[in-house]
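Got the viewer open? Load the structure below and let's walk through it, one selection at a time.

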Amino acid sequence: MIEIRNINPHLKLGLLDLKVFSLSNNYILKRDLEKAATKLLLSSILNDPLFELCYTPTNKPFLKDSNAHISISHSHDKLAVIFNSKENTGIDIELIRNKILNITHKFLNEVENEYAGEDLENLTFIWAAKETLYKIYGLKGLDFKLNLSVEMSNNDTLFGNITIDNYQKCYLLKKEKIQNYCLVYALNEI
């Protein structure tokens, strides 16, 4: 039900199957289920049940009295959490589905559109990468098409760029397909 990965000395990733968690905990409301599952997964990552999860006014999660960075994502039956003790981070997990075809005009720039076409997996990876970047930025006002760009590669990494006003950052992102989900998370700023 829970998988914890030590990516490097500063980075931990946690995955949880919400369907299995729900069956073993009898949660009815989806919001309550996600909240309890997030608490369990963070507790497992931190190896500490006494942490306090808080949110900024823009809904970015953080740990009270900690300089570490976290990001949380859930999609249908999957929950993903990333913890970085060193730098800002982001994560997104998305179910691969046709629905993404309806919003490509809102998030794909010309180069990304040329690369992805109508390939659902590639489109979902680009969307998840941009969601990851949005979570790293942590403020409102980003246009997914204009301020976020993703350079795809032939392996399991991507380059993600955030460009808005005087703010410009580039991140190395990791991508992974898990069953019928696309997972993308930040490895580090470059």
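Start with the sheet in this predicted model. Four strands make up an open sheet, running in the order 1-2-6-5 with antiparallel pairing. Select residues 2-8 and 69-75 to get the edges: strand 1 and strand 5, each of which pairs on one side only. Looking across the sheet, neighbouring strands are turned against each other by 15° on average, ignoring direction.

Now go inward. Pick residues 11-17 (strand 2) and 78-84 (strand 6), an antiparallel pair held over seven bridges. For a landmark here, show leucine 13, which sits opposite isoleucine 82 of strand 6.

Keep the sheet on screen and add the helices. Helix 1 packs on the sheet, where it touches strands 2, 5 and 6, and its direction is about 60° from that of strand 2. Helix 2 packs on the sheet as well, touching strands 1, 2, 5 and 6, with its direction at about 40° to that of strand 6.

Next, hide the strands and select residues 18-25 (helix 1) plus 30-46 (helix 2). At what angle do these two helices pack? It's about 100°, with the axes 10 Å apart. Angles from 65 to 115 degrees count as roughly perpendicular, so helix 1 is roughly perpendicular to helix 2.

Last stop: turn on side chains where the helices meet. From helix 1, show Leu18, Phe21 and Ser22; from helix 2, show Leu33, Glu34, Ala36, Ala37 and Leu40. Colour them by class and you'll get six nonpolar residues, one polar and one charged.

Key. Residues numbered from 1 in each chain as written. Predicted model: local features only at pLDDT ≥ 70, side-chain atom pairs only at ≥ 80, totals over all residues. Heavy atoms only, no water. Axes fitted to C-alpha atoms, helices over the stretch in contact; angles between N-to-C directions. Parallel < 35°, antiparallel > 145°, perpendicular 65-115°, else oblique. Contact = heavy atoms within 4.5 Å. Nonpolar A, V, L, I, M, F, W, Y, C, P; charged D, E, K, R; others polar. Pairing = 2+ DSSP bridges.
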